[in-house]
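Please consider the sequence and the structure shown here before reading the explanation. The discussion is intended to be followed with both in view.

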Amino acid sequence: MDAAVPAEVHVTHDDRMSRIIVRGEVDHEDSEDLQDALAAADRAGLPTTAVDLSQVRFADSMLLNALLEARRRHDADGRNLVLLGPLPPPVSRLLTLSGTADHFTVTDADPGGETSHHEGDGSG
């Protein structure tokens with residue numbers, strides 16, 4: 001059995017976007033790091049926040065709640081919240097089972113910088 005992999009959360013900013021990279025397993029114990037990164041993106045006030053979830057191995061309601069709250073704040077401020085994938089099965093399953101997949105824009109970014117957009121399907 002695999003040992004739990006604690007979440008790693010990194011946030012960077014450029015002139016137009018905050019990018020949050022999440023790796024590992026996001027549960028109750030790790031949600032504060034994600035919430036802190038989302039708060040940093042709010043403080044930066046850039047037009048878009050991109051949350052890269054492509055390396056998440058486990059996700060529970062704590063991740064979902066953080067994303068939904070961030071989406072609400074972004075909408076209120078007229079900013080965009082985008083999930084970067086491809087979404088791994090744990091995240092895709094969480095969004096699908098909770099009925100919240102259509103609340104998010106999912107963009108799959110490949111190494112060449114090209115992107116494809118999936119509005120509301122939560123798939124990658």
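The paragraphs below treat the strands and helices and then the charged pairs of this predicted model.

A suitable starting point is the unit formed by strand 3, helix 2 and strand 4, which is a right-handed β-α-β arrangement. The two strands of this unit, strand 3 and strand 4, run parallel and are joined by five bridges. Within this pairing, A50 stands opposite V82 of strand 4. Five of the six residues of strand 4 are buried, and the strand is therefore largely enclosed by the rest of the structure.

The charged side chains come next. Side chains of opposite charge can pair when their charged atoms come close. In the whole structure, a search identifies seven salt bridges. One of them brings together the side chains of D52 and R19, with an N to O distance of 3.2 Å. Because D52 belongs to strand 3 (residues 48-59) and R19 to strand 2 (residues 17-26), this pair ties together parts that are 33 residues apart in sequence. The environments of the two partners may be stated separately. D52 has a relative accessible area of 8% and is buried, since the cut-off for that class is under 20%. R19, with a relative accessible area of 31%, is partly exposed.

A further salt bridge is formed by the side chains of D42 and R79, at 3.4 Å from N to O. This pair also links distant parts of the chain: D42 lies in helix 1 (residues 31-44), whereas R79 lies in the loop between helix 2 (61-77) and strand 4 (80-85), 37 residues apart. Here R79 counts as buried, at 9% relative accessibility, while D42 is partly exposed, with a relative accessible area of 21%.

How far apart, in terms of helical turns, are D75 and R71 in helix 2? These residues form a salt bridge in which the closest N and O atoms are 3.1 Å apart. Because D75 and R71 are four residues apart in helix 2, about one helical turn separates them. D75 counts as partly exposed at 46% relative accessibility, and R71 is likewise partly exposed, with a relative accessible area of 24%. Beyond individual pairs, salt bridges with shared partners connect D42, E69, R72, R73, D77 and R79 into one network.

Taken together, the salt bridges described include a pair between strand 3 and strand 2, a pair between helix 1 and the loop that precedes strand 4, and a pair within helix 2.

Terms used: Residues numbered from 1 in each chain as written. Predicted model: local features only at pLDDT ≥ 70, side-chain atom pairs only at ≥ 80, totals over all residues. Heavy atoms only, no water. Salt bridge = Lys/Arg side-chain N within 4 Å of Asp/Glu carboxyl O. Buried < 20%, exposed > 50% of the residue type's maximum accessible area, 1.4 Å probe, protein only. Pairing = 2+ DSSP bridges. Right-handed = clockwise from strand over helix to strand, strands pointing away.
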